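Reader: I am new to this structure. Please take me through it step by step.

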Amino acid sequence: MRFQIWPAVSVAVIALMSTVAAADEEVYRAVVADHGKPTVRVIDLADGTALATFETVAPAVVAKGTSGRFVYALQRDGDRIDVIDGGAWLEGHGDHTDLRTAEPAKLAAGLEGGKPVHFVPHDGRIAAFFDDDGAAQVFSEATFHGGGAPEVETVRTAAAHHGVVVTVGNHVLVSVPHPEDSDALPIGIEVRDAAGVPVGEPHSCPDLHGEASAGNLVAFACATGLLLAEPTADGIDVAFVPYPDNLPGGKITTLRGGSDIQLFLGNFGADGVTVFDPFERSFAFARLPVRRVDFLLDPANSGQAFILTEDGRLHRFDTLAARLEASAEVTGPYSMHGHWSDPRPRLAKAGGMVVLTDPDRGDLVLVDARTLRVDHRLAIGGTPYSIAVVGGTGEAH
Ligand code: ZN
Ligand code: ZN
């Protein structure tokens, strides 16, 4: 495999590392949705203090937006998305980065719509798809910084379905619903221009589920391969890359994209993962010892990923070599037998720590990403489930 590492990003990372000075402060907060109760808590990861608890209409899944400050509480059974200001974010000042903090808050502005599930921040905008509406609400979170409501543009499709929209520049990539069966997965992607007019014919992507971006590339997972979309001078190029014969039977249904290396990491079957190199257009497959519970492509270093398996072991996965490089037990077992949405751990990253929710014990588990040793546990109670981390390290002046 030959991966492209972006020079500009590498330089920025080196610059950031060299400016970690004594004056820098570190604040990480976890925004944690409970599995059973309609609440979202903001937890200070330094000591486990609950800084705030917000009520939602229904139990939520949390997702970060574009700026790193706001976390969205997607309530598929509550037909609503609430916006949580995590109150810790980084602000680039050119030669240095500032760490800014504020009281966590639930913003007055929220989004209403039928069954929000897929939520895609990309290219400075966010597209939240509402399955029952068969439409996405597209917005920028810039107005939230001043406490205002966003200007929302609605992108409609032909029918209610489990769909997705991704913004690319002033274009949008829109899922095409199955023509007869609204319960079936989408069958393709349509490119629309700034005026909402379809560009060319739709691109086939049977059983579309899972999307991610890495650099300027957007990828959608289909039953038979990946559909890649890349902006060009005069529009968007779309190409299909079929799964090769060296992969076992299966397909990607959850996809993550690299932040500093242009690669994609996907699930593949219950006990596999696959790495896609868009330059070689090659796939590498790795089988896990047992079934996978959750996985996380390191947001700070796409060369590694963390995978929790149902035996309660956390694995560090080398994405460039496509192999497990270290493993350690970090939670009790969480069998994948049962419903997909049963309470099981979810992973996030906070600086050098992998943070896991441990719903059985009501804990957050902080694991040293380098040694995979459990550094400490925070007993926060309840049934912690979906998690997003805000904050970072920067100058506080
Ligand atoms: Zn500054
Ligand atoms: Zn889905």
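Reader: Which strand gives the largest share of the lining of the second largest pocket?

Author: This is a predicted model, where local features need pLDDT of at least 70, side-chain atom pairs count only at pLDDT 80 or more, and totals for chains, interfaces and linings use all residues. Residues are numbered from 1 along each chain as its sequence is written, chains are lettered from A and ligands numbered from 1 in the order in which they are written, and side-chain values use heavy atoms, without hydrogens and water. The lining includes Glu26, Val27 and Tyr28. Its largest share, three residues, comes from strand β1 (residues 24-34).

Reader: What is the volume of the second largest pocket?

Author: On a 1 Å grid over the protein atoms alone, a pocket is an open set of points where a 1.4 Å probe fits, with protein on both sides within 12 Å along at least five of seven lines; lining residues have an atom within 4 Å of a point. Grid points are joined across faces, edges and corners, and a volume is the space filled by probe spheres set on the points. For the second largest pocket that gives about 190 Å³.

Reader: Methionine 353 also lines that pocket. Which residue in β32 stands opposite methionine 353?

Author: Strands are DSSP runs (E, at least two residues), numbered from the N terminus, and two strands pair if DSSP finds at least two bridges between them. Strand β31 (residues 353-358) runs antiparallel to strand β32 (residues 363-368), and six bridges join them. Opposite methionine 353 stands aspartate 368.

Reader: Which strands are the edges of the sheet β30-β31-β32-β33?

Author: That open sheet has four strands with antiparallel pairing. An edge strand pairs on one side only. The edges are β30 (347-350) and β33 (374-379).

Reader: In the sheet β10-β11-β12-β13, what stands opposite alanine 128?

Author: This open sheet also has antiparallel pairing. β10 (116-122) and β13 have a single partner strand each, so one side of each is left without a neighbour in the sheet. Strand β11 (residues 125-130) pairs with strand β12 (residues 135-139) over five bridges. Opposite alanine 128, in β12, is glutamine 137.

Reader: Which residues are the protein donors of the zinc ion (ligand 2)?

Author: Donors are N, O and S atoms within 2.8 Å of the metal (3.2 Å for Na, K and Ca); water is not among the atoms, so sites may look incomplete. Here the spacing along the chain is H-x43-H-x46-H. Two of the donors link distant parts: histidine 162 in the loop between β13 (153-156) and β14 (165-168), and histidine 209 in the loop between β17 and β18, 47 residues apart. At 2.0 to 2.1 Å from the zinc, the donors are His118 (NE2), His162 (NE2) and His209 (NE2).

Reader: Is aspartate 98, a donor of the zinc ion (ligand 1), buried or exposed?

Author: The protein donors of this zinc ion are His93, His96, Asp98 and His397, lying 2.1 to 2.7 Å from it. Buried means under 20% relative accessible area, exposed over 50%, partly exposed in between (1.4 Å probe, protein chains only). With a relative accessible area of 3%, aspartate 98 is buried.

Reader: Which handedness has the disulfide of cysteine 205 and cysteine 222?

Author: A disulfide is a pair of cysteine sulfur atoms within 2.5 Å, and here the sulfur atoms are 2.0 Å apart. The pair ties together parts that are 17 residues apart in sequence. The torsion about the S-S bond is about -105°, so the disulfide is left-handed.
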